[in-house]
Amino acid sequence: MNNSLIKSAGMAVKGYLQRYLGILLGLLVLCLILTFRSSAFLTSANILNVLRQVSVNAILAFGMTYAILIGGIDLSVGSVLALAGTVATGLIVRNGMSIPAAVTIALLLGLGLGVFNGLVVAKTGIPPFIVTLAMMQIARGSAYVYTNGQPIRTTDEGFIAIGTGYLGPIPYPIIYMAVIFAVTAVLLNRTRFGRHVYALGGNQDAAVFSGIKINRVIVIVYGMIGLLSAVSGVVLCSRMYSGQPTIGIGFELDAIAAVVLGGTSMSGGIGFLGGTLLGALVIGVLNNGLNLLDINSFWQLIVKGVVILLAVYIDSMKKRK
Amino acid sequence: MEQIPLLQLRHIEKSFPGVKALKDVSLDIHPGECHALLGENGAGKSTLIKVLAGIYDEDGGDIILDGAAIKIPDVHKSKELGISVIHQELILVPYMTIAENIYLGQELTKKRSPFIDRETMEGEAQKVLDNFNLNLSAGAHVASLSVAQQQMVEIAKALSTDARIIIMDEPTAALTNRETDQLFELVRTMKAQGKAIIFVSHRMEELFAISDRITVMRDGEYIGTKMTAETDRKELIAMMVGRPLKDFYLKRDHQKGEEVLRVQNLSREGVLKDISFSLHKGEILGLSGIVGAGRTELARALFGIDPHDGGEIFMNGSPVTIGKAQDAMNLGIGFVPEDRKQQGLFLQERVGFNLTIQVLKECFRWIRTNNRREDDFIRKGIESLAIKAHSPSQKVNELSGGNQQKVVIAKWLARNPRILILDEPTRGIDVGAKTEIYRIIGDLAKQGVAIIMISSELPEILNMSDRILVMYQGGIMGELAGEEATQEKIMHYATGGRDE
């Protein structure tokens with residue numbers, strides 16, 4: 001009994017290593033280089049800083065992993081984030097609403113927009129790329145309309161604490177990231193819904209023939225992404241002391257980059273949340289490291305692009321073998 | 001034959017990591033002959049074809065064309081040498097015309113200009129089509145053609161490049177009998193023009209109908225070549241499996257149980273016409289007819305994949321509504337679809353994933369905390385159907401066709417269906433695996449499962465079924481029970497013949 005337990009645990013570790021070896025090595029090498037080049041890198045303050053910076057992108061990327069796993073995509077995450085964030089701030093500042101009520105409404109708004117995305121994708125068969133591209137414009141526009149294009153500033157300490165507070169030494173956003181990772185990972189790996197996600201992405205026809213309610217899976221996935229976008233929006237606006245309609249532009253691409261770096265197949269059916277987390281970390285460490293090395297942000301973009309291309313190329317080589 | 005062979009293979013060897021795929025294979029192909037390659041899946045036929053197509057390099061041996069040793073390093077070279085392979089999966093662009101497909105990658109341009117010369121292309125393509133009596137218009141879109149016609153286009157494409165050796169990998173797998181006849185007509189025309197045809201098929205009747213010689217392979221080895229006129233089915237099967245096979249099909253005693261399913265006047269505009277029949281416990285009901293007669297459509301309607309707009313369905317005497325697949329599944333109906341790769345399996349997933357995807361509810365409640373129940377289902381599935389897989393975590397796309405089909409069946413058996421619909425359950429799988437599938441179906445019927453089996457292979461449906469319904473243009477044309485069923489009678493109904 002004990003023996004078999006150890007054996008199965010060993011197999012699991014081996015499986016994880018095989019699955020994530022490439023990106024783990026990449027992350028390790030990156031960290032080693034930075035440790036040698038900058039004394040500031042390997043300090044607990046900096047590591048917590050990196051994790052906090054990563055958290056919003058990671059949360060979005062967890063949702064994006066689901067979308068890509070079912071063979072879809074969600075381009076609206078950055079815009080939904082902005083709309084939900086500004087609405088939460090606005091309800092508190094303008095309407096004097098209590099924080100829990102305002103946040104709940106913002107989260108429901110995100111969930112609703114996501115569910116709408118999912119329903120349109122499921123019922124009309126319009127490609128998710130198009131549906132969420134439209135939502136990206138609609139939500140961004142709504143954020144501008146709602147704020148009149150101006151940031152809604154807040155000094156409400158309770159609201160600001162959501163994004164800037166600490167639990168012991170650990171900033172709240174890292175905790176959110178960890179909790180959401182745990183929940184989404186359990187959902188994906190240990191529930192029927194998770195199996196159905198893989199089934200739908202692997203072979204939609206076979207999923208239908210297996211009696212899987214594919215429309216329901218699609219709606220839940222996009223709904224969940226909308227909710228996670230709203231969570232990120234609230235956290236981000238809180239950290240910025242203001243509801244800004246311009247936040248989150250381009251976040252969808254960072255999230256997709258993390259998913260792809262993590263080894264999830266763009267054609268669906270294959271991928272893991274652990275990989276996405278590592279992918280988000282690689283991007284975060286890269287940003288942080290280039291900052292520490294005083295490389296300007298224009299160059300950072302170029303480096304990020306090259307790294308993504310390289311990583312995915314190596315991954316595809318590995319698969320071809 | 002005293003002719004000089006067009007193509008000679010001498011001691012061809014090919015290995016993959018861990019497998020010797022071709023061992024010392026030697027073969028002569030003569031101009032104007034149709035040479036059949038026969039063997040179970042994994043016998044090395046596909047590997048051999050891929051060597052000739054330039055997809056694989058041989059490890060050893062010689063390929064001799066017109067008496068000169070050659071190398072075929074890539075697909076391009078293979079085409080240049082006049083070798084053309086018609087693959088099982090058609091590779092045509094659906095929204096282009098026949099002419100555009102034929103000239104894909106080698107488009108003709110107007111003199112000294114970069115612009116495509118549509119008229120000349122269509123004219124030339126039409127000549128090729130007419131030359132082989134293909135009743136097709138070069139300007140037609142490929143998407144509007146039937147599978148058989150698309151296949152003809154593939155062949156026309158090969159012929160347009162003056163191919164001398166045409167290799168067809170299971171060309172009849174998706175064809176009806178009439179379409180197969182058309183294809184054979186085309187093969188005869190090509191033979192008369194001195195082209196050599198290498199023909200791979202599992203359907204032995206066809207090999208006898210069209211081939212001049214038959215070469216049998218087994219486990220990557222060349223077993224022997226027979227003149228078609230001088231051999232018979234028994235001998236070939238013995239060569240293929242390496243042992244004499246007594247009974248190809250299964251004979252069984254059938255005891256008719258109570259009625260489990262009754263369909264009355266089931267209709268769908270333009271697809272299904274007034275379908276009425278009943279199905280009994282432990283019965284194997286064969287559904288015959290040519291492709292397009294509405295058999296698959298009937299099955300899909302019964303399983304709730306397609307809607308129906310008229311008629312009633314009764315189970316155990318009470319009316320039921322089947323509007324989606326979940327309804328059918330809840331009523332105890334299972335469906336093994338005709339295209340196992342596209343509709344039946346999650347190919348990139350593990351065997352275990354595939355086996356339990358429909359019984360997850362029984363495996364864990366909300367969150368999976370252990371694998372015990374799931375492992376039980378997987379073990380039972382693998383053992384009861386003797387699925388050959390290294391382990392439950394092997395990917396399904398690494399299994400042979402027969403074992404893949406067993407996975408599809410096993411995943412339904414996990415649900416203990418009362419009715420199992422099997423659509424072409426033995427398509428594209430080798431003889432050994434076919435026999436196993438027949439036994440599985442027979443066993444299920446014995447256990448009381450009511451079976452509807454759709455098959456395009458007449459001997460198969462004749463030998464397996466207790467009763468046969470023959471469909472034609474969406475309606476049931478005739479019913480044949482037991483002894484009265486013959487190939488001739490089925491074909492009579494299937495081609496629209498009425499009761500005499």
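Student: Why does Glu221(B) count as partly exposed?

Tutor: Buried means under 20% relative accessible area, exposed means over 50%, and partly exposed is what lies in between (1.4 Å probe, protein chains only). Glu221(B) has 36% relative accessibility, so it counts as partly exposed. One thing before we go on: this is a predicted model, where local features need pLDDT of at least 70 and side-chain atom pairs count only at pLDDT 80 or more, while totals for chains, interfaces and linings use all residues. Residues are numbered from 1 along each chain as its sequence is written, chains are lettered from A and ligands numbered from 1 in the order in which they are written, and side-chain values use heavy atoms, with hydrogens and water left out.

Student: What makes Lys23(B) and Glu221(B) a salt bridge?

Tutor: The rule asks for a side-chain nitrogen of Lys or Arg within 4 Å of a carboxyl oxygen of Asp or Glu. Here the N to O distance is 3.8 Å, so the pair passes. Lys23(B) sits in strand β2 (residues 19-29) of chain B and Glu221(B) in strand β10 (residues 221-227) of chain B, so the bridge ties together parts that are 198 residues apart in sequence. Strands here are DSSP runs (E, at least two residues) and helices are too (H or I, at least four), numbered from the N terminus.

Student: How do you know that Asp306(B) is buried?

Tutor: Its relative accessible area is 14%, and the cut-off for buried is under 20%, so the label fits. Asp306(B) also forms a salt bridge with Arg268(B), the closest N and O atoms being 3.8 Å apart. Arg268(B), at 26%, counts as partly exposed.

Student: Why is the link between Glu374(B) and Arg195(A) called a salt bridge?

Tutor: Their closest N and O atoms are 2.7 Å apart, and the limit is 4 Å, so it qualifies. The rule finds one salt bridge across the interface of chain B and chain A, out of a count of 25 over all chains.

Student: Which residues of chain B supply the most buried area against chain A?

Tutor: Buried area is the accessible area (1.4 Å probe) that two parts lose on being put together, summed over both. For chain B and chain A that is about 2,200 Å², with carbon and sulfur atoms giving 55%. Phe346(B), Gln348(B) and Arg368(B) supply 25% of what chain B buries against chain A, more than any other three residues. In contact terms (heavy atoms within 4.5 Å), chain B brings 31 residues and chain A brings 23.

Student: What makes Val221(A) a core residue?

Tutor: A nonpolar core is a set of buried Ala, Val, Leu, Ile, Met, Phe, Trp, Tyr and Cys residues joined through side-chain atoms within 4.5 Å. The largest one has 98 residues, and Val221(A) is among those that touch the most other members, along with Tyr66(A), Ile70(A), Val197(A) and Val217(A). Helix α10 (residues 214-239) of chain A gives the largest share of this core, 14 residues. Not counting residues up to four places away in sequence, Val221(A) touches Tyr66(A), Ala67(A), Ile70(A), Phe193(A) and Val197(A).

Student: Which residues belong to the other core?

Tutor: Apart from the largest core lies another of 76 residues, including Ile305(B), Ile387(B), Ile468(B) and Leu469(B). In soluble globular proteins, nonpolar side chains tend to be buried together.
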